[in-house]
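Reader: I have a new model open and would like to learn how to read its ligand sites and its sheet. Could you walk me through them?

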Amino acid sequence: MILTSKRILMGNEAIAFGAMKAGLQVASGYPGTPSTEVMETIASHASKYGIYAEWATNEKVALETAVGAAYSGANTLVTMKQVGLNVASDPLMSLSYIGVKGSLVILVSDDPGPHSSQTEQDTRAFGHFSNIPVLDPSTPQEAYDMAKLAFRLSHEMEIPVILRTTTRVSHGCADVVTEDIEPAGRDIEGYVKEPRWTIFPKLTAQRHPWLEDLQIRISDRFSDHFSENTFNSISKGNSKIGIASSGVSSLYTNEATNKQTGTFSHFKLATVHPFPEKAALEFLSDITDLIVIEELDPYLEEQFLQLIGRHHLDVNVYGKKNGHFPVSGEYDVDVVIEGVNSSLQSMNAEVPLLTHSTPVVARENIPSLPVRPPTFCAGCMHRTVFYAFKKAAAKLKKENGKGTVFSGDIGCYTLGNAQPLNMVDTCLCMGAGISMAAGLSHTQQYQEGNYAKQVAFIGDSTFFHSGIAAMISAVYNNADITLAVLDNRTTAMTGHQPHPGIGLTAMGNPTKAIDIAEVLRSCGVDLVETIEADDLGKCIETAKMAIEYEGPSAVVFKGKCVGITKATGQYVIDEEKCTGCNFCVSQLGCPAIFSMSSGIPQIQDNCTGCSLCAQVCPSDAIDLREVLQ
Amino acid sequence: MKFDILIAGVGGQGVVLASRLLATAAIDAGYHVATAETIGMAQREGSVTSHVRIGDEVCGSLIPAGNADLIIGLEPAEAARNIHFLSKDGSIVVNEHAVIPSASANNAEYIPEHVIEFLKENCQETINVDFTQLAKEAGTYRATNVAMLAAAAGADLLPFNPEELWSVLEKMVPEKYRELNRKAFDMSLERVSGMKDPEKQEQVQVQAMDT
Ligand code: SF4
Ligand code: SF4
């Protein structure tokens, strides 16, 4: 008997439980919002269920680790966000030719909006590109159930399977029915030597037709096994208008049309790649107009257009391509209502338009409110380091007229771009700060010595992710750059995961801590300093020295993330001594200090006692009010 | 049954925890629930919201404009920023205590009282209290979110009563903070019961003037 229970789970937690129920044995990932909690949940249950779980240094490494385990017959999972899949795409593209034993599920979270990402990529398109099946759940419950399906499918077909979620599924919470997990049957066959596991051009040529044929077989399976939990469904309406949707857009569609249930036929697709062609053809057979509702790329729309063209069907398609739906940004019920109405109008349908609810105040009529751009937390060490470099660069500019270009990177310290620090001149992807600084240093202007010095910032976790290779390349190629490593002893932005510098594994076991300064030294960086980030004066001095050094130099700034450490105290502004110069406010952008129209700034409750403002106050007017335990 | 709650605040104010508490209470009461929360980059001192949808059917987690039955605003401007989600007969529970954004955002001066007035003009049932002050009096400003949930339950604005809500809190709040949260919870209940009953409210005011 299977025991079930209903509880509130975040989509990511639901996936973790689904994977564990499916017999997960090895899991590897790199944290990235919105995917992170899948691995966190697994890691925290790993010992209970006999699972091995780890944070890898990057997504490529994570995938390759899982592949190795899968070749031995293990049930494996890798987790990442959409941009992480780019990093992992090298092994992924080869892997689809070779396939796996055991099972391998790749959890990729997309981020329409985007809320916390550099891009609005669509992983469904990646599945298409790499010939790997993609499942697209719409709720945490489906995420749980489809995680199990993904493992089954992977095992049965001997291929990797992508389970793709979007923010509202990954980070939404809902009531989920889960089953009891038994920590049993962890045996694996073990690695068996076979030429099949070594990719060579000859093997590739052999496997490619198999891979293409497999796409058709899976497409048929997704079409045929409608009732057998493919999570695809068709509901028939009484007009000739059909709607196709996938993922969370299916729910928005249901809600947008719920006052007119019965009007539209609705094809909800959960197995988006390979496209279930036969089912789609059947669906198209009794409609004349098709509205396609999906976030991100017009992926389904293109599949339908192709199918309609190939079969010369007389069906009009309304979607992103003809401007009825937005091509970017996140969808919701209101966006869907707008798009459906725009489509209905253009087809002159004899169907009433959908209606919005009327809010008490329309969005346009909300009076202007203070904006809150994201910024470093009060007391974050990064603020001190960026400010130190800003000061150091200003001094050097005065002394020798040379400017400085600051290359940023991905993590909390991307927020160094916020005013008033304004310290991020370039930012592209993980690790790119170092390589771009190197590239900038090789331009002719710079080599003639009359342009600027190059400074790159990187966090501790990102350093291990893709900073090391970039630094080696910079040193090898004689790039004159200064690297500032902002080492706050955690992966802060994604929720404080450990990394190789910490000395703790994902499962909480002690391990070797890799010393960033030592790594830098062995990469050939001649000047490597390590200092604490709490003394501003010393930070400025060290920053200046490192920038002035000819050749690659690096400073590792050690400090703490206030997200995981306790506040040490609170500061207060002495109204007697304060001259109202507003220097503390205008220079630092600490969210704990705000200026008053009366002239004397105030410090709010969220002050953590880092003392930075006290160090910059020219009138010595900021004092420690209270030491917190 | 369908009940949509939007919780709005600033990163670090406990919006996510508040929404988890409501969602858990909803499940305990036998409903389906779907939430959408802000996690990641925007949390760093930015505006955060959580949508909590409680009902008989599974639905998407984002509340459509004009559909929220209740807005819980941990910060006045954040409540106002989301008022387009409120339905015609929805209610607001709002914290009078403002979090002033860092001056570097180049905002015009922020006058929280004006924002509260705007909320009251547009929503008849607006409960405004300095919940941060109230939580501080109970022992820590961090219990503001709990105090506000208690107020919403106490004023009958949730699909479950204060005891049901507390039984969830009791399970979710770590033991060492439990007593403190209970205190904030009770003080807040008392405060709103006073507001509901005009006579009692007068007494509260008189007392306040005495001190
Ligand atoms: S979470 Fe940590 S690293 Fe990120 S801004 Fe806050 S203090 Fe800084
Ligand atoms: S000491 Fe000053 S700079 Fe540091 S957190 Fe407090 S107010 Fe902000």
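Author: Gladly! Keep in mind that this is a predicted model. To read a ligand site, begin with the residues around the ligand. Here, Phe376(A), Cys377(A), Cys380(A), His382(A), Cys412(A), Asn488(A), Ala492(A), Cys561(A), Val562(A) and Arg44(B) surround ligand 1.

Reader: Why is the site of ligand 1 shared between chains?

Author: Look at the chain letters. The residues surrounding ligand 1 come from chains A and B, so the site is a shared one. By character, its shell has seven nonpolar residues, two polar and one charged.

Reader: How many residues surround ligand 2, and which are the closest?

Author: There are 13, and the closest are Cys590(A), Cys607(A), Cys610(A), Ser611(A) and Cys613(A). This shell holds nine nonpolar and four polar residues, with no charged ones. Ligand 2 sits in the largest cavity.

Reader: Now the sheet. What is its strand order?

Author: For a sheet, follow the strands from one edge to the other. This open sheet of eight strands runs 1(A)-8(A)-2(B)-3(B)-1(B)-4(B)-5(B)-6(B), and its pairing is mixed. Strand 1 (4-10) of chain A and strand 6 (126-129) of chain B are the edges, each pairing on one side only. On average, neighbouring strands are turned by 20 degrees against each other, direction ignored.

Reader: Which helix packs on the sheet?

Author: Helix 1 (residues 15-28) of chain B does, touching strands 1 and 8 of chain A as well as strands 1, 2, 3 and 4 of chain B. Its direction makes about 5 degrees with that of strand 3 of chain B.

Terms used: Residues are numbered from 1 along each chain as its sequence is written. Chains are lettered from A and ligands numbered from 1 in the order in which they are written. This is a predicted model: local features need pLDDT of at least 70, side-chain atom pairs count only at pLDDT 80 or more; totals for chains, interfaces and linings use all residues. Side-chain values use heavy atoms; hydrogens and water are left out. Two strands pair if DSSP finds at least two bridges between them. Helices (H or I, at least four residues) and strands (E, at least two) are DSSP runs, numbered from the N terminus. Axes are lines fitted to C-alpha atoms, for helices over the stretch in contact, and angles run from 0 to 180 degrees between N-to-C directions. Contact means heavy atoms within 4.5 Å. A residue is near a molecule or strand if one of its heavy atoms lies within 4 Å of it. On a 1 Å grid over the protein atoms alone, a cavity is a set of points where a 1.4 Å probe fits but cannot get out, and a pocket is an open set with protein on both sides within 12 Å along at least five of seven lines; lining residues have an atom within 4 Å of a point. A molecule sits in a cavity or pocket if more than half of its atoms lie within 2 Å of its grid points. Ala, Val, Leu, Ile, Met, Phe, Trp, Tyr, Cys and Pro count as nonpolar, Asp, Glu, Lys and Arg as charged, and the others, Gly among them, as polar.
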